[in-house]
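Let's work through some exercises on charged side chains. Have a look at the sequence and the structure, then try each task before you read its solution.

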Amino acid sequence: MFLNKLKENNPELLDYAFYAHQNGLILPDTYLLDLDAITDNAKKILEEAKRNQVQLFFMLKQIGRNPLVAKRLMEIGYQGAVCVDFIEAMTMIRNQIPIGNVGHLVQTPKAALPEILSAHPYAVTVYSLEKIREINAEAEKLNMVQPLLIRITDDDSDLYSGQIAGFHSDRLEDVLKEIDSLDHVCFGGLTVFPALLYSAEQHAIVPTANMKAMNRARAIADAHGLKDYLINIPSANCAASMKLVHELGGNNAEPGHGLTGTTPLHAESTQPERVGYAYVTEVSHNYEDHAYCYGGGHYRRGHLASALVGTSSEDAQMLAASAPDDDSIDYHFELSRNAAVGDTAVMCFRTQIFVTRSRVAVVEGLSSGNPRIIGTYNHLGESED
């Protein structure tokens, strides 16, 4: 999906991917993160966000919850991490990364609340009254008041399978009354998911139907007299979408794939961000008229289409590549014809590294011509050094 973009706007990373594998610096099934490119991308998004009065948290599940990248983003001015689940929050906390928000897609379970609330998240997303009461009880023990982000989902909202959750906007008044009755939680804002998506027909990032629910909820919150709260507009957040976030009334966003230049918008057009990662593997064997590479990094919505195969970017050939069926384990990726065993295969597709079993290597210095790997991690952000 992004291999041609990688060749076009980050050839240094492509070159180094071949070098690192051929010289034994990384194993097959490794995502190679370009810290220089990610930092540069993040600065560009931050500039556009400031221009449009949008506060930014960062989302790193896509690149394996990497704490090294998280620390760099904090250094340049981001406000904290978006953690879609409690495990990611714990990873960030244990690496001293501030939590911007936790719970967008997976509410925080009761047993994890002491550790997570002790880190004083900027906001915790909720979508059940029971969870609000649990948070209030734990916050009371910690002698704190925890701001809550209310996730809104109406009958005309569009949701992904496995992410079914939210309060109906017509229940928001009751939710606000419940929060007002408790001493250790407060209203922190509103969110819907996804709020923005790329439209192939319009060749642009556009609002989803979920913004209807957001607008209804905002009207209720405003009528309740609430002010200065987070209006979180997630998904497809990148430099190009910051103006739209502002125009929709949003003041908070959370770039994820935007940080690595790998949103669908980036695949279809030239944007300020460069591709910030490559997937590196190796030809394992040939069988009849196909070659097979070591797998492990497949993401079923990744749109894998091709691989550059060879010993360097200069001699590499572009071959069609495909992943196994979704009901099979990705032990191998298939190439369209035979290849030399041991050759490097570089791919670049949309990923969610945290649901793979891949390794992650972070390279710094590519932009200055002095690259070095400064950290290796597993797919969940745990150091392997």
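A salt bridge here is a side-chain nitrogen of Lys or Arg within 4 Å of a carboxyl oxygen of Asp or Glu. You're looking at a predicted model, where local features need pLDDT of at least 70, side-chain atom pairs count only at pLDDT 80 or more, and totals for chains, interfaces and linings use all residues. Residues are numbered from 1 along each chain as its sequence is written, and side-chain values use heavy atoms, with hydrogens and water left out.

**Exercise 1.** Find out where K5 and E8 lie and how their side chains meet.

Solution. Start with the place: K5 and E8 both sit in helix α1 (residues 3–9). Helices (H or I, at least four residues) and strands (E, at least two) are DSSP runs, numbered from the N terminus. Next, the spacing: the two residues are three apart, about one turn of the helix. Then the contact itself: their side chains form a salt bridge, with N to O at 3.9 Å. Last, the surroundings: K5 counts as buried because its relative accessibility is 13%, while E8, at 52%, is exposed. The cut-offs are under 20% relative accessible area for buried, over 50% for exposed, and partly exposed in between (1.4 Å probe, protein chains only).

**Exercise 2.** Work out which parts of the chain the R72 and E364 pair ties together.

Solution. First check the bridge: the closest N and O atoms of R72 and E364 are 2.7 Å apart, and the two form a salt bridge. Now locate them: R72 is in helix α4 (residues 67–76) and E364 is in strand β19 (residues 359–364), so this pair ties together parts 292 residues apart in sequence. E364 is partly exposed, because its relative accessibility is 22%.

**Exercise 3.** Do the same for E178 and R133.

Solution. Their closest N and O atoms are 2.9 Å apart, in another salt bridge. E178 belongs to helix α8 (residues 172–180) and R133 to helix α7, so to speak distant parts of the chain, 45 residues apart. For exposure, E178 is buried at 18% relative accessibility, and R133 is partly exposed at 39%.

**Exercise 4.** How many salt bridges does a search of the whole structure find, and which residues are linked in a network?

Solution. Searching the whole structure gives 15 salt bridges. R65, D85 and E88 are linked in a network of them.
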